[in-house]
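Me: Here is a protein model I would like to go through with you. Let us ask what lies behind each label.

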Amino acid sequence: MRRVIDAMNVIGSRPDGWWRDRPAAIERLVGEVDRWAAGVEETVTVVLEREPAEPLQTEHVEVAWAPRPGRDAADAEILRRLADWLAAGEVTVVTSDRGLAAQARERGAEIEGASAFRRRLG
């Protein structure tokens, strides 16, 4: 099974001041997901809106990003790659974006809300 995480959607699910330092918020989320992924038998991909300025260190997750930054860029990248991921097995997309959720569900993916996933991380 693969779990695909819409990073900014999960980050935005908790109003903890992430908007003051978006790169640090991304780094924190990827670190939390990496630690969580160490204890699950899933392939985990975190999808960002743009390539990070500094490489993110991970052991258990893949970090992917949209080829061009912009509004809904990560959503478009998730949908672009979804058919390949689904061909390899079950996929759960973590998002609370209704449009992305509807399109991913139509294509065969399961959906988990961003807040529910955030609670998994602790």
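**Labels and their grounds**

Me: What makes the radius of gyration of the protein chain agree with a compact globule?
Reply: The protein chain has 122 residues, and a compact globule of that length would have a radius near 14 Å. The chain has 13 Å, so the value agrees. Note that this is a predicted model. Along its principal axes the C-alpha trace spans about 35 × 35 × 25 Å.

Me: Which elements does the protein chain have, and in what order do they run?
Reply: There are five helices and five strands. From the N terminus, the order is β-α-α-β-β-α-β-α-β-α.

Me: How much of the chain is buried, and what share of contacts joins residues far apart in sequence?
Reply: Of the 122 residues, 43% count as buried. Among contacts with a separation of 6 or more, 53% come from residues 24 or more positions apart. The exposed surface is about 7,000 Å², with 44% of it from carbon and sulfur atoms.

Me: Why is the pair of W18 and W19 called edge-to-face?
Reply: The count comes to two aromatic pairs. In this one, the ring centres of W18 and W19 are 5.8 Å apart and the planes meet at 80°. A pair needs centres within 6.5 Å, and edge-to-face needs planes over 60 degrees apart. Both conditions hold, so W18 and W19 form an edge-to-face pair.

Me: Why does W18 count as buried?
Reply: Buried means under 20% relative accessible area. W18 has 15%, so W18 counts as buried.

Me: What makes W36 and F117 an edge-to-face pair?
Reply: Their ring centres lie 5.2 Å apart, with 85° between the planes. The limits are within 6.5 Å for pairing and over 60 degrees for edge-to-face, so the label follows. The pair links distant parts of the chain: W36 is in helix 2 (residues 22-37), F117 in helix 5 (residues 114-121), and they are 81 residues apart.

Me: How do you know whether W36 is buried or exposed, and F117 likewise?
Reply: W36 has 15% relative accessibility, under the 20% limit, so W36 is buried. F117 has 0%, so F117 is buried as well.

Me: Where is D72, and what is its phi?
Reply: D72 sits in the loop between strand 3 (61-65) and helix 3 (73-88). Its phi is positive, about 60°, although D72 is not a glycine.

Me: Why is D72 called partly exposed?
Reply: Buried ends at 20% and exposed starts over 50%. D72 has 41%, which lies in between, so D72 is partly exposed.

Methods
Residues are numbered from 1 along each chain as its sequence is written. This is a predicted model: local features need pLDDT of at least 70, side-chain atom pairs count only at pLDDT 80 or more; totals for chains, interfaces and linings use all residues. Side-chain values use heavy atoms; hydrogens and water are left out. Helices (H or I, at least four residues) and strands (E, at least two) are DSSP runs, numbered from the N terminus. The radius of gyration is taken over C-alpha atoms; the globule rule is 2.2 Å times the number of residues to the power 0.38. Buried means under 20% relative accessible area, exposed over 50%, partly exposed in between (1.4 Å probe, protein chains only). Contact means heavy atoms within 4.5 Å. Accessible areas come from the Shrake-Rupley method with a 1.4 Å probe; for residues, only the protein chains shown count as cover. Rings of Phe, Tyr and Trp (its six-membered ring) pair if their centres lie within 6.5 Å; planes under 30 degrees apart count as stacked, over 60 as edge-to-face and the rest as tilted.
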